[in-house]
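Trainee: Got a minute to go through a model with me? I'll put it up.

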Amino acid sequence: MKNIASFWFRILGFLIDWLIHMLLLLALILWVSTSSTMEEATNRFLTFLIIDFFYSIGFAFFNPYLISRFGGTIGKLLTGTRIVNPEGKKVNFYRAFFRNHIGYMISASLFWIGFIWILIDKERRSWHDQIANTYVVKVNKTMFIVGIAALAILLGTYGYLVNSTVKNFSANSGIYMNFLKSIETKPQQTKTPTTEQLKLKSSPVKVQ
Amino acid sequence: MANKSVDFGKIINRSWEVTLKNKWLWVIGIVLAVFGGGAGGTNLYSNFSNAQKGTNSATSSSQFTDVIGNLLKSVPVATWVLLVLGFILIILFSVAVAWIIVSWAKGALIKGFDDAEKDKKVDLKILGSHGIASLKKLFIYNLISIGMFLAIMVGSLIVLFVLGVIFAFIPVVGVILMIPLWIIGFLGIFILVVLFAMISIYAERLIVLKNYSPWVAWKKGLSLSRGNFLHSLIMGIINTAIGCSVGCLSMLVLLIILGLPALLFAIPMFSGGSFHLPNIFQIIGIVVLVIFYFVANSVIRAFLIVFNYGNWNQLFWKVMKEELK
């Protein structure tokens, strides 16, 4: 196979994909952090969980779709790399799904050795590439610069979102502190004593 | 087959040789060690015991205060419904993926070991294609096997319920039959688990090595495990005994190799009768030792899984040869 993508192309593509995934989640956390009441924060947090659940499932199918339709995930497309079969053609959805889920888990099963294998293998194939019989090739070398630029933008956005989230949580920390205090200082409800208990209380104590 | 003797020593030696020689098979062993299915067949017993553990460890009661209760009441019902739906979908997706991985790895290991035994080349690419070739059939077979097991369990529970109703009306019969029924019940579950594991051992090999369809493989697996119950049982006992011995020995070796350095890192933390926070070198040292322990443990488990699969593969071929005769 010609034009095999180097480790650096692949790590760049991976970082871009990971940051895109994280940015959406971080944007939702930022939304939670702007809550002004505890009720609002709870509702938003649960909504965040719902979106996260459905988004994770959608994302699990979205990346294999991109690979089968365009030849790579957003990260791979931005770095000018493509996932191909031994004939140099695009892989089908099932193989892409197998590579991205089953393959990744197998590569990660022993301390991510399967990913590090790219550095060892002559054809720079990870375990998930070998199992799914795929190759990662370069189609445009200059796209590496585009990838670097995309990474810089994503990192900047990531930093901004983290900073804003921390600031918001700090500014609204009062609602969480008050909530915690209300739990601690809430007076315990006293039960109405039964007639039997009242009788026992009023009866004189025998001193032996 | 029951009349023929099996040279278990020869089987073990050959499995040991092939396992030592083919390191790529260990990768599949690691996958099976991580995701379950390392018993040489379906992992019904571990599933069953895990389910029991789950029910036992349930928390006694919720500790929500009124404040938290009111807070949760402010959440709309639709949010809870969507949350539960999303959670169920995530669980189902994870189970399906884990199931696919186990089915793939079983197919890859059974066929891969068979190739290795015939001195054919075995690498991850070849193993990957072997796994994909029988993935669908093994996935369906696992559904059939688990489905049947659950159906039998549900049937037993219904019988138990009917008996409970009868005993409620005639308490004397209940007192007399209670202990024998408990014994029969537990023995029945044990035999069922062993039988299903044996069926799977043969059926999975029939699917992968003889290209059987899942349902036909299950039926043939049942007949093979009935006809070769004793040999299968001995093989299972040998595998368990070797697994336990190697496991204990490796733990002892790891304890000496890793435990002593860990002690050297830990002693300064407790000097002078009080606890001192570890410095960066101590933290790095302990983390490295823990990682090394997990890697070593995974590799040993992977080796044992490949070895077990090898033993079952060889027994399977011996059984099939006798069947053909």
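Trainee: What does the secondary structure of chain B come to, in helices and strands?

Mentor: Chain B has 10 helices and zero strands, where helices (H or I, at least four residues) and strands (E, at least two) are DSSP runs numbered from the N terminus. This is a predicted model, in which local features need pLDDT of at least 70 and side-chain atom pairs count only at pLDDT 80 or more, while totals for chains, interfaces and linings use all residues. Residues are numbered from 1 along each chain as its sequence is written, and chains are lettered from A and ligands numbered from 1 in the order in which they are written.

Trainee: How many residues of chain B are in contact with chain A?

Mentor: 29 residues of chain B contact 28 residues of chain A; contact means C-beta atoms, placed from the backbone, within 7 Å.

Trainee: Which element gives the most to that side of chain B?

Mentor: α5(B), with 12 residues. Other elements giving two or more include α6 (124–169) and α10 (280–324) of chain B.

Trainee: Switching to chain A, at what angle do α1(A) and α2(A) pack?

Mentor: About 165 degrees, with axes 9 Å apart. Axes are lines fitted to C-alpha atoms, for helices over the stretch in contact, and angles run from 0 to 180 degrees between N-to-C directions. The two helices are therefore roughly antiparallel, the word for angles over 145 degrees.

Trainee: Which residues meet there?

Mentor: Among them, Leu24(A), Leu28(A) and Trp31(A) from α1(A), and Phe45(A), Phe48(A) and Tyr55(A) from α2(A).

Methods:
Parallel < 35°, antiparallel > 145°, perpendicular 65-115°, else oblique. Contact = placed C-beta atoms within 7 Å.
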